[in-house]
Amino acid sequence: MNNGKPNWWSRPSSAPEAARIPAPPPSGDGDGDFPLPAPHPPTTPPAQAPEPAGTDLRAAGPAGADARAAEAEAETTGTGPQAPEPVAAGSPDPAPCVVLTKGEPRDPAPEEVPHVQDPAPVPAPQAQTQAQPLHAPDEYRTPPYGEPGPWAPAPPVQRPPAPVPPHQQGPVPPHPQGPAPWTQYDPWGVGGPALPPPPAKRSRKGLAVAGALVFALITGVIGGGIGAYVERNGGLTTVELPQSDAKDTGRAPESVAGIAASALPGVVTLHVRGGGSSGTGTGFVLDTKGHILTNNHVVDGARSSADISVTFSSGETARAKLVGKDTGYDLAVVQVTGVSGLKPLPLGNSDGVRVGDPVVAIGAPFDLSNTVTSGIISAKERPITAGGEKGDGSDVSYVDALQTDAPINPGNSGGPLLDSKARVIGINSAIRAAGGSGGDGEGGGASQPGSIGLGFAIPINQGKRVAEELINTGKATHPVIGVSLDMQYNGDGARVGQKGKDGTASVTPGGPAAKAGLRPGDVITKVDGQRVHNGEELIVKIRAHRPGDRLELTLERDGKELTKTLTLGSSQGT
């Protein structure tokens, strides 16, 4: 019978055969043996051979299920066994009775299989009275052949893979290779969906990991907040910074700090008013009598002692009088009185200075008193000219200067330039400013005054001689050779003019040049072997000497080179 179930599970019996199975009689103890009556011989022999002896018979299909249901109902309601209905004529003979004997202990009752009750039972014909069983059927009895027992494990339900819908594209997912999961077996089912698997238990390991992550996140946020607070506020407590001992004030005498500490008490700041203008400059003490050396252009506007004020590094101020000045050297001497504790600065020797020597400049740039800067000697015997504001040349100064890169600015004029032993080797006098038109002096011709590392100082050897003359006589003397130069000559060297000032002779009769044999038109190219390129450089070289010094001049005359020696004369300065 092919109805979707395995054939060996189904062996249905006809309804008359199920009806022939008599109901068992009641039993007092519900246990033991009971006889079953043998069937009556059929009036008409059956068409088929009887079942072999010793074979257990059971009703199958719906008829057998109905008989068992009736037996269970009788036992439950307590009505006792019912007499079987008589068998109608022509019906098949009932099955022979079989004696059931007591044997091994019964297996636990199998699970009840739900069944569907027929709409109406078919009454069996009561043809004859049959013997009743000794007791009611035992629901824990061994099931007849063909029914599943409690010992039979349900085979796994194999389900074919689901077909791919027509609208889907792509390969069919492979069928799982592992064995199908065990599900509740339904022998009469056609293969419905399996029961859902039990929910998986949440792993405690995952909960622990999640808790650790949450803890790390919280601690990270708290730690970050604390770190940000400490960084912005400098910590959770009051900040105390380490500091060295304040008593450590010793400096080497050759250091800039040592030089400044030694020289500052002898440096002064000058404030000058007069002629409708005012200015600031610097000076330094020469002796204990109160003589102070500075630049001429610093005090040039003063008309009396009331116009010059001197301020010392200690803050003490005093009035000063003008002792003497010289325009050609751009030097002046003033004197203060009534001041005690003056500290003169020692004077060095500018002839021993070498290029690259360290130097320190002290002054009051832009009225900032006691300013200290440092640098080196950049060059020596740098010929410069300063002044010339009057236009007649009477205020032009000629200086064979020391060049330094120590910052010098307006207000430094007249201040000392010191060597590594705090000795004065120069008087700061002029600067070359950016954007200048070639003029010298403090911002001479410059549209943007200020230090660019080109400062110039009068050598102290020249300043010492001039200062001594100004203190002793009030005037300074200039060395001369007794010639008038052609300042318009553009060739190399200094040429003697054809005519002097106001039409006089260019070579002073009886002067040093005339005695040496110089003539108008001679071109002087060297002074003591040093090359000169123009008239200004020749003047600078001559003024670097004292009157009475002997000089050797190299000159060109009519294409020939000649050498002349002369003794410098003297002229009164202004």
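UniProt positions are given here in the numbering of this structure, with shortened feature names, and the annotations may be inferred rather than shown by experiment. The model is predicted: local features require pLDDT of at least 70 and side-chain atom pairs count only at pLDDT 80 or more, whereas totals for chains, interfaces and linings use all residues. Residues are numbered from 1 along each chain as its sequence is written, and side-chain values use heavy atoms, with hydrogens and water left out.

**First stop: the annotated helix**

Select residues 207-230, where an unreviewed UniProt entry places the feature "transmembrane region". Over this stretch the chain is 100% helix and 0% strand, and the end C-alpha atoms are 35 Å apart. Helices (H or I, at least four residues) and strands (E, at least two) are DSSP runs, numbered from the N terminus.

Next, select Val214, which is in helix H3 (residues 204-233). Val214 is partly exposed, with a relative accessible area of 48%; buried means under 20%, exposed over 50%, and partly exposed in between (1.4 Å probe, protein chains only). Add Ile218, Ile222, Ile226, Tyr229 and Val230: together with Val214 they form a nonpolar surface patch with about 530 Å² of accessible area. Patches are made of residues with over 30% relative accessible area and no salt bridge; like charges are joined within 9 Å, and nonpolar side chains (Val, Leu, Ile, Met, Phe, Trp, Tyr) within 5 Å. A salt bridge is a side-chain nitrogen of Lys or Arg within 4 Å of a carboxyl oxygen of Asp or Glu. The areas come from the Shrake-Rupley method with a 1.4 Å probe, and for residues only the protein chains shown count as cover.

**Second stop: Ser304**

Move to Ser304, in the loop between helix H5 (296-299) and strand S4 (308-312). Ser304 is partly exposed, at a relative accessible area of 39%. Display Arg273 as well: 31 residues separate it from Ser304 in sequence, and the C-alpha atoms are 9.6 Å apart.

**Third stop: the barrel and strand S9**

Select strands S7-S8-S9-S12-S11-S10, which close in that order into a barrel of 6 strands with antiparallel pairing. The twist averages 50° from one strand to the next, taken between N-to-C directions on a scale from 0 to 180 degrees, with axes fitted as lines to C-alpha atoms (for helices, over the stretch in contact). Two strands pair if DSSP finds at least two bridges between them.

Now isolate S9 (residues 397-404): 8 of its 8 residues are buried, so the strand is largely enclosed by the rest of the structure. Ser397, Val399, Ala401 and Gln403 point one way, while Tyr398, Asp400, Leu402 and Thr404 point the other way.

Show strand S8 (residues 371-386), which is joined to S9 in the antiparallel sense by 7 bridges. Here Ala379 stands opposite Gln403, and Arg382 stands opposite Ala401. Strand S12 (residues 455-459) pairs antiparallel with S9 over 3 bridges, and its Ala457 stands opposite Leu402.

**Last stop: two loops with positive phi**

Most residues other than glycine have a negative phi. Select Asp528, in the loop between strand S15 (523-527) and strand S16 (530-531); its phi is near 55°, a positive value. Asp528 is partly exposed, at 40% relative accessibility.

Finish at Asp558, in the loop between strand S17 (550-557) and strand S18 (560-567). Its phi is also positive, at about 55°, and Asp558 is exposed, with a relative accessible area of 77%.
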